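Notebook open, viewer open. I want to go through the DNA contacts and then the helix packing.

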Number of protein chains: 2
Amino acid sequence: MLELAILGFLCDTPLHGYELRKRLTALIGHVRPVPESTLYPAIKRLEKAGLLARETQPGATAAPRQVLTLTGAGRAELRDRLASPERADITDENRWFVLLAFLRHLPEPSAQAEVLRRRLVFLEEPASFFYDGDRPLRAEELEDPFRRGVLLIARATGEAELRWLRITLESLDGHL
Amino acid sequence: MLELAILGFLCDTPLHGYELRKRLTALIGHVRPVPESTLYPAIKRLEKAGLLARETQPGATAAPRQVLTLTGAGRAELRDRLASPERADITDENRWFVLLAFLRHLPEPSAQAEVLRRRLVFLEEPASFFYDGDRPLRAEELEDPFRRGVLLIARATGEAELRWLRITLESLDGHL
DNA sequence: TGAACATACCTCGACACCGAGGTACTACGT
DNA sequence: ACGTAGTACCTCGGTGTCGAGGTATGTTCA
């Protein structure tokens, strides 16, 4: 999730680590903070993998900046991660939102639609958080008000997202 | 998240690891799988911390079972984790849902309400995934259809959850 | 008979996460 | 002159994650 977001931000424009962290915090910080001790090692990993290059520039106010630029390989990797996301990128809402935030970097509308369809299939699977044996339980069957809440909220989310997915897919398919 | 769910399930009834894993998979497996190589070390950790005890029983069909029982300390720890959740348990929807799934194990309705109020405060903070400087952007201001989607879905979720939170808090406060 | 699958538990090793702490410079207020 | 806050980057160490693999027994079906 973090690496995808880094690649996504750098695809827009080169950034130094400190600024990158601010943008990452705006995107995902309200869910979990983005500590520097997670970010900087991640940058190193991506650099070592040849996905980004760094150039030292004199700092605007303080220490020198390491300006990070996406390489060709980095751009290709981003596209690949967007076009062929892992299952967890589809199923985990946090990761899915990060993916959506950068999906515009996929050049082909058909490839974008393909990714949305994977999410659609996932959401259409009959699933619950709570089961009676193998049978998924509906909110109405639960006594526990908190578990009911989980299902009610999940249902509202799912319905809103399904509506949006169908509209957006129609629009994408119309552009072919 | 995993530890909380283990404590929560064992608070209902003693279980052996294999059965526990099935229940964990039903609860959180659609978001991320629960590998045995994560579960068994977690059980060991909790056992080492004195939060659960194990008793070997002859297996029903195959290998002997390690039946896990919550200790008094484990029950206390569960209540403490439910009553005083970390920030990430409030802000990360995945963790929040797990917390909600076991919140009934908090004996005091007022303590339950206190936890719901923390989530309420978090949801009422003006926040977005996308900013213009410091100003949170609304869905209508975004060109990118995918980023718009993120905000539209998040808004629908937030509204549904706020409705549920207010109703449930009213009901809990009424029981005092 | 034998393969496949389910039950049931476990270790190992690579690696990601992240709090704590460090370095160094600039700016601002008192 | 000094403390605090912001900019900008970094390491270290403890811990959690998880794929790969191992062990053993019972059932089912060809």
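Which residues are closest to DNA strand D? I looked this up before anything else, keeping in mind that the model is predicted. Strand D is surrounded by 23 residues, and the closest are Tyr18(A), Arg65(A), Gln66(A), Ser37(B) and Thr61(B).

**Entry: strand D, polar contacts**

I went through the phosphate contacts of strand D. The side chain of Arg65(A) puts an N or O atom 2.6 Å from a phosphate oxygen of DNA strand D. Gln66(A) gets to 2.6 Å from a phosphate oxygen of the strand with a backbone N or O atom. From chain B, I noted Arg32(B), with an N or O atom of its side chain 3.4 Å from a phosphate oxygen of DNA strand D.

Next I asked which elements give two or more residues to this surface. They are helix 2 (17–28), helix 3 and strand 3 (65–70) of chain A, together with helix 3 of chain B. Helix 3 of chain A has the largest share of the surface near strand D, with four residues.

I also checked the chemistry on both sides. On the protein side, the residues near strand D divide into eight nonpolar, eight polar and seven charged. On the DNA side, 63% of the strand D atoms within 4 Å of the protein belong to sugar or phosphate, and the rest belong to bases.

**Entry: strand C**

Which residues come closest to DNA strand C? I found 23 residues around this strand, the closest being Ser37(A), Thr61(A), Tyr18(B), Arg65(B) and Gln66(B).

A base contact turned up here: a polar side-chain atom of Ser37(A) is 2.7 Å from a base nitrogen of DNA strand C. I logged two phosphate contacts from chain B as well. A polar backbone atom of Gly17(B) is 3.2 Å from a phosphate oxygen of strand C, and the side chain of Tyr40(B) has an N or O atom 3.4 Å from a phosphate oxygen of strand C.

For the elements, I listed those that each supply at least two residues: helix 3 (36–48) of chain A, plus helix 2 (17–28), helix 3 (36–48) and strand 3 (65–70) of chain B. Helix 3 of chain B gives the most, four residues. By class I got eight nonpolar, eight polar and seven charged residues near strand C. Of the strand C atoms within 4 Å of the protein, 64% are sugar or phosphate and the rest are base atoms.

**Entry: helix 8 against helix 8**

How do helix 8 of chain A and helix 8 of chain B run, parallel or antiparallel? Both span residues 145–174, and their axes come within 9 Å and cross at roughly 160°. The two helices are therefore roughly antiparallel to each other. I noted the crossing as right-handed.

I pulled the contact residues too. Among them are Phe146(A), Leu152(A), Ile153(A) and Trp164(A) from helix 8 of chain A, and Phe146(B), Leu152(B), Ile153(B) and Trp164(B) from helix 8 of chain B. The residues of this contact divide into 16 nonpolar, six polar and two charged. Glu161(A) and Glu161(B) are in the list as well.

**Entry: helix 6 of chain B and its neighbours**

I took helix 7 (residues 109–124) of chain B as the partner to start with. Its axis and that of helix 6 (residues 93–102) of chain B come within 12 Å and cross at roughly 160°. These two are therefore roughly antiparallel, and helix 6 passes helix 7 in a left-handed crossing. Glu93(B), Trp96(B), Leu99(B) and Leu100(B) of helix 6 meet Val115(B), Leu116(B) and Arg119(B) of helix 7. I count this contact by class as five nonpolar, no polar and two charged residues.

Then I turned to helix 1 (residues 2–12) of chain B, which packs with helix 6 at about 15°, the axes 10 Å apart. That angle makes helix 1 of chain B roughly parallel to helix 6 of chain B. The crossing is left-handed here. Leu4(B), Ala5(B), Gly8(B) and Phe9(B) of helix 1 make the contact with Val98(B), Leu99(B) and Phe102(B) of helix 6. By class I have six nonpolar, one polar and no charged residues.

One note to keep: Leu99(B) is in the helix 7 contact and in the helix 1 contact.

Technical notes:
Residues are numbered from 1 along each chain as its sequence is written. Chains are lettered from A and ligands numbered from 1 in the order in which they are written. This is a predicted model: local features need pLDDT of at least 70, side-chain atom pairs count only at pLDDT 80 or more; totals for chains, interfaces and linings use all residues. Side-chain values use heavy atoms; hydrogens and water are left out. A residue is near a molecule or strand if one of its heavy atoms lies within 4 Å of it. A polar contact is a pair of N or O atoms within 3.5 Å; within protein, one must be able to donate a hydrogen and the other to accept it, and residues adjacent in sequence count only if both atoms are side-chain atoms. Ala, Val, Leu, Ile, Met, Phe, Trp, Tyr, Cys and Pro count as nonpolar, Asp, Glu, Lys and Arg as charged, and the others, Gly among them, as polar. Axes are lines fitted to C-alpha atoms, for helices over the stretch in contact, and angles run from 0 to 180 degrees between N-to-C directions. Angles under 35 degrees count as roughly parallel, over 145 as roughly antiparallel, 65 to 115 as roughly perpendicular and the rest as oblique. A crossing is left-handed if the near helix is turned anticlockwise from the far one by less than a right angle, and right-handed if clockwise. Contact means heavy atoms within 4.5 Å.
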